[in-house]
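Me: I'd like to go through this model and ask what the labels rest on. Can you take it one label at a time?

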Amino acid sequence: MKSSLRAFGIGLFVAGASMALFDKLPSDSSQKDNAAYEKQLDDYEKQIAELTKQLNEQNPDSVNSKKADEQTTSTTEEKAAATKEENKSGVVEETIYIYENVSIYTIGQQAEDLGIVTNGRELELYLSKPEFARSIQKGSFDLRSDMTIEEIAQVLTGQPTE
């Protein structure tokens with residue numbers, strides 16, 4: 001009984017080892033599959049190159065997309081400069097647009113960029129107070145640089161100003 005059990009165990013070991021070796025050895029079908037995939041990949045890369053070349057020939061402006069991005073940026077900056085209104089006392093009047101799910105950081109940064117506040121971080125911290133953080137309204141708000149942080153917060157939350 002003992003010897004037959006030992007023989008059975010050795011047989012299982014040999015069977016397992018041979019199966020493991022069989023899985024480790026490269027098979028011809030996997031090599032053929034890899035070669036087919038590599039050929040297909042090369043064909044796709046050639047097609048992409050041809051299509052890119054055709055696109056560039058038909059639309060040479062797409063090659064200069066970097067220039068277009070620079071022009072868009074400069075146009076946006078010019079519009080921002082043109083919309084800034086400074087009256088005689090040096091007060092900046094600007095409109096801030098607040099969209100749904102905009103962060104308080106973005107509001108502070110936008111106010112600083114427009115020149116309404118000198119430190120957008122200060123406005124951000126003030127708006128993070130519980131009485132303001134949950135009640136910021138979406139929409140467009142006309143703000144001036146002579147307003148205090150408290151007044152700006154009240155305008156942005158729709159609270160009555162004193």
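Me: How do you know how α4 and α5 pack?
Reply: In this predicted model, helix α4 (residues 104-114) and helix α5 (residues 120-127) pack at about 145°, with axes 8 Å apart. The axes are lines fitted to C-alpha atoms over the stretch in contact, and angles run from 0 to 180 degrees between N-to-C directions. The contact (heavy atoms within 4.5 Å) involves residues including I104, Y105 and I107 of α4 and L123, E124 and L127 of α5.

Me: What counts as a helix or strand here?
Reply: They're DSSP runs, H or I of at least four residues for helices and E of at least two for strands, numbered from the N terminus. The chain has seven helices and three strands.

Me: Why is F13 called exposed?
Reply: Exposed means over 50% relative accessible area, buried under 20%, partly exposed in between (1.4 Å probe, protein chains only). F13 has 63%, so the exposed label fits. F13 sits in helix α1 (residues 2-24).

Me: Which residues of α7 are buried?
Reply: In α7 (residues 149-157), they are I149, I152, A153, Q154, L156 and T157. Their cover includes β2 (92-98), α4, α5, α6 (130-133) and β3 (139-144). Right after α7 comes G158, with a positive phi near 80°.

Me: Any ground rules?
Reply: Local features need pLDDT of at least 70 and side-chain atom pairs 80 or more, while totals for chains, interfaces and linings use all residues. Residues are numbered from 1 along each chain as its sequence is written, and side-chain values use heavy atoms, leaving out hydrogens and water.
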